[in-house]
Amino acid sequence: MIPTCHRQVEIASRSDVGRVRSANQDACAALENADGYRLLVVADGMGGHRGGETASRLAVETLHAAFERDFGDPDTFLLRAFRAANDEIYRMGSSDPGLHGMGTTGVALLIGPAENGWVAHVGDSRVYRLRDGRFEAITADHSWIGEEVRRGRISVENAAQHPMKNVLLRSIGVGPEVEISSAAIDLHAGDRFLLCSDGLWSEVDDAAIADLLARESPKDAVGALVDLANARGGADNVTVSIAALIDKNAPPAIALGLDGPTEVPDASRGTHASLGAPLLGAPSGSPDERPRWKRPVYVVAGLIAALALFWRVCA
Ligand code: CA
């Protein structure tokens, strides 16, 4: 039985070549199927000019095709789709000398119509989650540098400049088998998820990503984040995809809070204040931000006061 969909999901994606590279080897997609499931995918290809573009495109196309034609059990969908992508990229890389050795990272978020979601990834593309003001990566990079940082051998600060920062421990399509990290996750109304290639997180610090993710609509945030990555050098292709979950059954004040940036503290009231402040349900200070259902009450109260004043003047 298909669970009742009680949530709206606002999604936006953007991919950009950056300021240095001549081609964009990233690829992304945001899809929805007839059962109310949404799929976001980001892939970052490697293996020469043509190989990188081909591998990331094949990964996204294979997940797209599986999503539309072979969705099946959502608990196993991402694993099946990632394995299919690995098979396809490896097969093509093995048969075409010009594409030999190509591969790609892959990160995907599957959003169910109810409270369930799923995440899978290979490589160093990431998924971040912003929930109740807390921003964190929910994927762990399959990279040499990521492993060193987790073991405490290299600091996060030194990792950013390390000559081996791009060495991946896992990628899709370079071998006949691939090890995929995947997990089922719970979804809360108000959650915001951000998928990205390393072209974003290597140029833009977590605090700046969290700030824009909290303050802007998904459409504005993806544009602002790509622009920021480019402003800070744009050394790599950069791809960002955002999904914001909105609860259709939420009270008006909460729903309005997700519609625009006015409910979330902005930088002028303290940079990154949103990191420590609740994203949802923040009380509004100005009359324009009052929930719409309260406005008729104020009108009636004003009329009663005017009538009382008129009666006193005439009496
Ligand atoms: Ca990259």
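**Exercise 1. Contacts of Leu-169**

Which residues is Leu-169 in contact with, leaving aside its neighbours within four places in sequence?

*Solution.* Start with the criterion: contact means heavy atoms within 4.5 Å. By it, Leu-169 is in contact with His-142, Ser-143, Trp-144 and Glu-147, its neighbours within four places in sequence left aside. Next, place the residue. Leu-169 lies in the loop between H4 and S9. Helices (H or I, at least four residues) and strands (E, at least two) are DSSP runs, numbered from the N terminus. Last, check one pair. Leu-169 and Ser-143 are 26 residues apart along the chain, and their C-alpha atoms are separated by 4.9 Å.

This is a predicted model: local features need pLDDT of at least 70, side-chain atom pairs count only at pLDDT 80 or more, and totals for chains, interfaces and linings use all residues. Residues are numbered from 1 along each chain as its sequence is written, and side-chain values use heavy atoms, with hydrogens and water left out.

**Exercise 2. Leu-168**

Is Leu-168 buried, partly exposed or exposed?

*Solution.* Take the cut-offs: buried means under 20% relative accessible area, exposed over 50%, partly exposed in between (1.4 Å probe, protein chains only). Leu-168 has a relative accessible area of 22%, so Leu-168 is partly exposed. Its place is in the loop between helix H4 (156-159) and strand S9 (181-186). Now list its partners. Not counting residues up to four places away in sequence, Leu-168 touches Met-46, Thr-105, Gly-123, Asp-124, His-142 and Ser-143. The C-alpha atoms of Leu-168 and Ile-145 are separated by 8.4 Å, with their positions 23 residues apart along the chain.

**Exercise 3. Length and buried residues of H1**

What span should helix H1 have, and how far apart are its end C-alpha atoms?

*Solution.* The expected span of a helix is 1.5 Å times one less than its number of residues. H1 (residues 48-69) has 22 residues, so the span should be 32 Å. The end C-alpha atoms of H1 are 31 Å apart, which agrees. Then look at burial. The buried residues of H1 include Gly-51, Thr-54, Ala-55, Leu-58, Thr-62 and Ala-66. An α-helix has 3.6 residues a turn, so residues three or four places apart point the same way. Finally, find what they pack against. The buried residues of H1 meet strand S2 (26-32), strand S3 (38-46), helix H2 (74-95), strand S4 (103-104) and strand S5 (106-111).

**Exercise 4. H1 against H2**

At what angle do H1 and H2 pack?

*Solution.* First, the method. Axes are lines fitted to C-alpha atoms, for helices over the stretch in contact, and angles run from 0 to 180 degrees between N-to-C directions. The angle between H1 and H2 is about 140 degrees, and their axes are 9 Å apart. That makes H1 oblique to H2. Angles under 35 degrees count as roughly parallel, over 145 as roughly antiparallel, 65 to 115 as roughly perpendicular and the rest as oblique. The crossing of H1 and H2 is right-handed. A crossing is left-handed if the near helix is turned anticlockwise from the far one by less than a right angle, and right-handed if clockwise. Among the residues making the contact are Leu-58, Thr-62 and Phe-67 of H1 and Phe-77, Phe-82 and Met-92 of H2.

**Exercise 5. H6 against H7**

How do the axes of H6 and H7 cross?

*Solution.* The axes of helix H6 (residues 206-215) and helix H7 (residues 218-231) come within 9 Å and cross at roughly 155 degrees. That makes H6 roughly antiparallel to H7. The crossing of H6 and H7 is right-handed. At the contact, Ala-208, Ile-209 and Leu-212 in H6 meet Ala-221, Ala-224, Leu-225 and Leu-228 in H7. Ala-221, Leu-225 and Leu-228 are among the buried residues of H7. The 14 residues of H7 should span 20 Å, and its end C-alpha atoms are 20 Å apart, which agrees. Gly-233 follows H7, with a positive phi near 135 degrees.

**Exercise 6. Three residues of strands and loops**

Are Asp-132, Arg-38 and Leu-130 buried or exposed?

*Solution.*
- Asp-132 is exposed, with a relative accessible area of 57%. Its place is in the loop between strand S7 (126-131) and strand S8 (134-137). Phi of Asp-132 is positive, near 50 degrees, in a residue other than glycine.
- Arg-38, in strand S3, is buried, with a relative accessible area of 11%.
- Leu-130, in strand S7, counts as buried at 1% relative accessibility.
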